[in-house]
Amino acid sequence: MNYWEERYKKGETGWDAGTITTPLKEYIDQLTPGAGNGYEFDYLVENGFQNVYVIDIAETPLNNIKIRKPEFAPHLIHSDFFTLDTTFDLILEQTFFCALPPEMRQQYVEKMASLLNPKGKLAGLLFDFPLTTEGPPFGGSTSEYLNLFSDKFNVKTLEKAHNSIKPRQNKELFFIFEVK
């Protein structure tokens, strides 16, 4: 927990794009209204979504969101993702998976599946570069992700992100997985 808090306090947040990333923006733009610093959260609430939540183990990014969107303070969850006990229709993945040590990936898949309502979707971005022991971020590949997720999820989309922000061009896969 202190590791992530210290990274935010020191500004060591290379994963932070400073705005909503284009692939997630374009996906959200297709939805009908009905983490980290939460730019996706801002975008969603600014476009009429009300039932939106952010969870982070570090308090600093949640405080950053609270400053920008004080009326949504009750929607900010300071907790360990793996202890979360609720369900959602849609979960957006933005640089959380890649921050976890690779040995926790199976646990992530199982927890995500348990957090989604029937036919719920997990969508977002996964890094597409060789898996290393140095990180975060830790990389991965299409074949690894298919092996990892296909027991719990139907793969709707898993493709090279064509509209990544410049620092991540040709290094991201956009995905939509539906819980089985």
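Is R68 buried, partly exposed or exposed? In this predicted model, R68 has a relative accessibility of 31% and therefore counts as partly exposed. The residue takes part in a salt bridge with D42, in which the closest N and O atoms are 2.5 Å apart. D42 belongs to helix α3 (residues 39-46) and R68 to helix α4 (residues 59-68), so the contact ties together parts separated by 26 residues in sequence. The acidic partner, D42, is buried, its relative accessible area being 8%.

The D42 and R68 pair was identified in a search of the whole structure, which returned nine salt bridges. In general, side chains of opposite charge can pair when their charged atoms come close. Another of these pairs is formed by E144 and R105, with 2.7 Å between the closest N and O atoms. This pair links distant parts of the chain, E144 being in helix α6 (residues 142-149) and R105 in helix α5 (residues 105-115), 39 residues apart. E144 has a relative accessibility of 21% and counts as partly exposed. The value for R105 is 2%, and this residue counts as buried. The cut-off for the buried class is under 20% relative accessible area, so E144 at 21% falls outside it.

A salt bridge is also found between the side chains of E178 and K156, at an N to O distance of 4.0 Å. Here the elements joined are strands: E178 lies in β6 (residues 172-179) and K156 in β5 (residues 153-160), so parts that are 22 residues apart in sequence are tied together. E178 counts as buried, at 8% relative accessibility. Both residues of this pair belong to a network of salt bridges that links K119, K121, K156 and E178.

A further charged residue, R7, is located in helix α1 (residues 2-10). R7 is buried, with a relative accessible area of 14%. Its side chain makes a polar contact of 2.6 Å with the side chain of Y3. When neighbours within four places in sequence are left aside, the residues in contact with R7 are E12, T13, W15 and P136.

Aromatic side chains were examined next. The count comes to 18 aromatic pairs. A pair of aromatic rings is described by the distance of the centres and the angle of the planes. For F97 and Y108 the ring centres are 4.9 Å apart and the planes stand at 70°, so the arrangement is edge-to-face. F97 is in the loop between β3 (88-94) and α5, whereas Y108 is in helix α5, so the pair ties together parts that are eleven residues apart in sequence. Both F97 and Y108 are buried.

F97 also pairs with F149 in a tilted arrangement, with 5.8 Å from centre to centre and 45° between the planes. Because F97 lies in the loop between β3 and α5 and F149 in helix α6, this pair ties together parts that are 52 residues apart in sequence. The relative accessibility of F97 is 1%, and the residue counts as buried. F149, at 0%, likewise counts as buried. F97, Y108 and F149 are among the members of a cluster linked by ring pairs. The complete cluster consists of F81, F82, F96, F97, Y108, Y145, F149, F153, F175 and F177.

Notes: Residues numbered from 1 in each chain as written. Predicted model: local features only at pLDDT ≥ 70, side-chain atom pairs only at ≥ 80, totals over all residues. Heavy atoms only, no water. Helix = DSSP H or I, 4+ residues; strand = E, 2+ residues; numbered from the N terminus. Buried < 20%, exposed > 50% of the residue type's maximum accessible area, 1.4 Å probe, protein only. Polar contact = N/O pair within 3.5 Å; in protein donor to acceptor, adjacent residues only side chain to side chain. Contact = heavy atoms within 4.5 Å. Phe/Tyr/Trp six-rings, centres within 6.5 Å; stacked < 30°, edge-to-face > 60°.
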